[in-house]
Amino acid sequence: MSKLTLGSYPHMLGFEQLERLLERSAKSGNEGYPPYNIEQTSDFSYRITLAVAGFAEGDLAITIEDRQLVIRGRQGEDSEERVFLHRGIAARQFQRMFVLADGVEVGDAIIENGLLHVDLTRSRPETVVQTINIRKSE
């Protein structure tokens with residue numbers, strides 16, 4: 001079975017990077033922790049909300065790496081003085097990645113009530129009409 005690629009479509013030129021982004025997005029992991037929502041807040045803005053109960057502001061890091069929004073969480077070690085009779089709340093680390101399209105910018109990040117909100121905006125696309133001059137070959 002052959003792999004279908006965007007290169008199979010001769011009228012779609014220059015989309016090789018899109019294909020790489022799709023492959024990278026598929027490899028970014030399907031782990032369900034922490035759960036998250038993505039909502040469209042207007043025609044040109046979005047909000048990603050992650051459930052990060054138990055994580056302090058200093059336990060979280062948000063970076064942009066090669067057009068990917070990367071959100072990491074790592075809780076500090078518990079004091080060894082604590083003795084748990086039952087430990088059902090895991091203190092595990094996580095990494096969530098979201099591929100950003102060109103023109104999408106990361107805005108504010110706010111943590112409230114155990115939820116981390118990251119706001120994104122997409123610039124309005126400009127309609128460009130360009131005339132190409134045809135010259136006679138010599």
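**Exercise 1.** Is Tyr 36 buried, partly exposed or exposed?

Solution. The model is a predicted one. Step one: the relative accessible area of Tyr 36 is 36%. Step two: buried requires under 20% and exposed requires over 50%. Step three: Tyr 36 is therefore partly exposed.

**Exercise 2.** Classify the ring pair of Tyr 36 and Phe 98, and place both residues.

Solution. Step one: the centres of the two rings are 5.3 Å apart, with the planes at 85 degrees. Step two: planes over 60 degrees apart count as edge-to-face, so the pair of Tyr 36 and Phe 98 is edge-to-face. Step three: Tyr 36 belongs to strand β1 and Phe 98 to strand β5, so the pair ties together parts 62 residues apart in sequence. Phe 98 has 11% relative accessibility and counts as buried.

**Exercise 3.** Describe the surroundings of the Tyr 33 ring.

Solution. Step one: a search of the whole structure gives 3 aromatic pairs. In one of them, Tyr 33 and Phe 94 have ring centres 6.1 Å apart and planes at 85 degrees, so this pair is edge-to-face. Step two: Tyr 33 lies in the loop between α1 and β1, and Phe 94 in strand β5, 61 residues apart. Step three: Tyr 33, Phe 55 and Phe 94 make up one aromatic cluster. Step four: over the ring of Tyr 33 sits the charged end of Arg 92, 3.8 Å from the ring centre.

**Exercise 4.** Which side chain makes a polar contact with the side chain of His 117?

Solution. Step one: locate His 117 in strand β7, residues 115-122. Step two: its relative accessible area is 9%, so His 117 is buried. Step three: the polar contact of its side chain is with the side chain of Glu 112, at 3.3 Å.

Methods. Residues are numbered from 1 along each chain as its sequence is written. This is a predicted model: local features need pLDDT of at least 70, side-chain atom pairs count only at pLDDT 80 or more; totals for chains, interfaces and linings use all residues. Side-chain values use heavy atoms; hydrogens and water are left out. Helices (H or I, at least four residues) and strands (E, at least two) are DSSP runs, numbered from the N terminus. Buried means under 20% relative accessible area, exposed over 50%, partly exposed in between (1.4 Å probe, protein chains only). A polar contact is a pair of N or O atoms within 3.5 Å; within protein, one must be able to donate a hydrogen and the other to accept it, and residues adjacent in sequence count only if both atoms are side-chain atoms. Rings of Phe, Tyr and Trp (its six-membered ring) pair if their centres lie within 6.5 Å; planes under 30 degrees apart count as stacked, over 60 as edge-to-face and the rest as tilted. A charge sits over a ring if NZ of Lys or CZ of Arg is within 6 Å of the ring centre and within 35 degrees of the ring normal.
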